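Please look over the structure shown below. Some questions on its side chains and its pocket come after it.

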Amino acid sequence: MEARDSGGDGRRTLDAYFAAIASLEPSRIAACFRPDGELEDPIGSPVRNGRDQIRQYWDRGLCAIAAAVEIEVVAALPAGGSIAGHWQMTARSHAGTIARAEGIDVLRLDGAGLIRRAEGYWDQAAFRDALMQRPA
């Protein structure tokens with residue numbers, strides 16, 4: 001993964017993670033994590049442990065229902081081996097429905113710039129419901 005942050009502020013890892021999500025390639029997203037990485041997205045949902053569970057989460061979730069995704073980073077705030085990214089996302093479903101969401105992801109990184117733990121703060125249910133609507 002070219003965008004690793006070895007000792008950096010985490011911005012390259014954040015950008016690589018969001019680019020992987022926008023690619024809608026579950027394996028590419030999972031590769032942003034350590035082999036034993038954790039994903040809790042959104043906070044309060046079950047924690048996915050390891051690249052296989054993370055890949056399956058994305059494969060059965062956004063990557064299954066979206067045809068295209070764009071993510072804009074509104075703010076990136078690094079601190080103490082972590083980075084919080086405030087983002088806005090626009091997605092188009094296979095049926096042509098457009099849905100938008102806004103949230104914050106907190107990425108806790110290792111020394112090689114891989115994600116140890118990612119936490120998502122956003123209303124995933126409302127976004128999924130909006131994306132699954134039929135276009136008017």
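The questions below deal with a pocket, a helix and two residues. This is a predicted model, in which local features need pLDDT of at least 70 and side-chain atom pairs count only at pLDDT 80 or more, while totals for chains, interfaces and linings use all residues. Residues are numbered from 1 along each chain as its sequence is written, and side-chain values use heavy atoms, with hydrogens and water left out.

Q: Which residues of H3 are buried, and within what arc do they fall?
A: Buried means under 20% relative accessible area, exposed over 50% and partly exposed in between, with a 1.4 Å probe and protein chains only. In H3, a DSSP run (H or I, at least four residues for a helix; E, at least two for a strand; numbered from the N terminus), the buried residues are Gly50, Ile54, Tyr57 and Trp58. They line one face of the helix, because their directions from the helix axis to the C-beta atoms fall within an arc of 105°.

Q: Which exposed residues does the face of H3 turned away from its buried side carry?
A: The buried residues of H3 pack against H1, H2, E1, E2, H4 and H5 (contact: heavy atoms within 4.5 Å). The face turned away from that buried side carries the exposed residues Asp52 and Arg60.

Q: Is Gln53 of H3 buried or partly exposed?
A: Leaving aside neighbours within four places in sequence, Gln53 is in contact with Val47 and Arg48. A polar atom of its side chain lies 2.8 Å from the backbone nitrogen of Asn49. At 38% relative accessibility, Gln53 counts as partly exposed.

Q: Which side chain is joined to that of Arg117 by a polar contact of 2.3 Å?
A: Arg117 lies in strand E6 and is buried, with a relative accessible area of 16%. A polar contact is a pair of N or O atoms within 3.5 Å; within protein, one must be able to donate a hydrogen and the other to accept it, and residues adjacent in sequence count only if both atoms are side-chain atoms. The side chain of Arg117 makes one of 2.8 Å with the side chain of Glu119. The contact of 2.3 Å is with the side chain of Glu40.

Q: How many charged residues are in the lining of the largest pocket?
A: The largest pocket has a volume of about 240 Å³. Among its 18 lining residues, the closest to the centre include Tyr57 and Trp58, which are also buried residues of H3. The lining divides into 12 nonpolar residues, two polar and, counting Asp, Glu, Lys and Arg as such, four charged.

How values were computed: 1 Å grid on protein atoms, 1.4 Å probe; cavity = no way out; pocket = protein on both sides within 12 Å on 5 of 7 lines; lining within 4 Å. Points joined across faces, edges and corners; volume = space filled by probe spheres on them.
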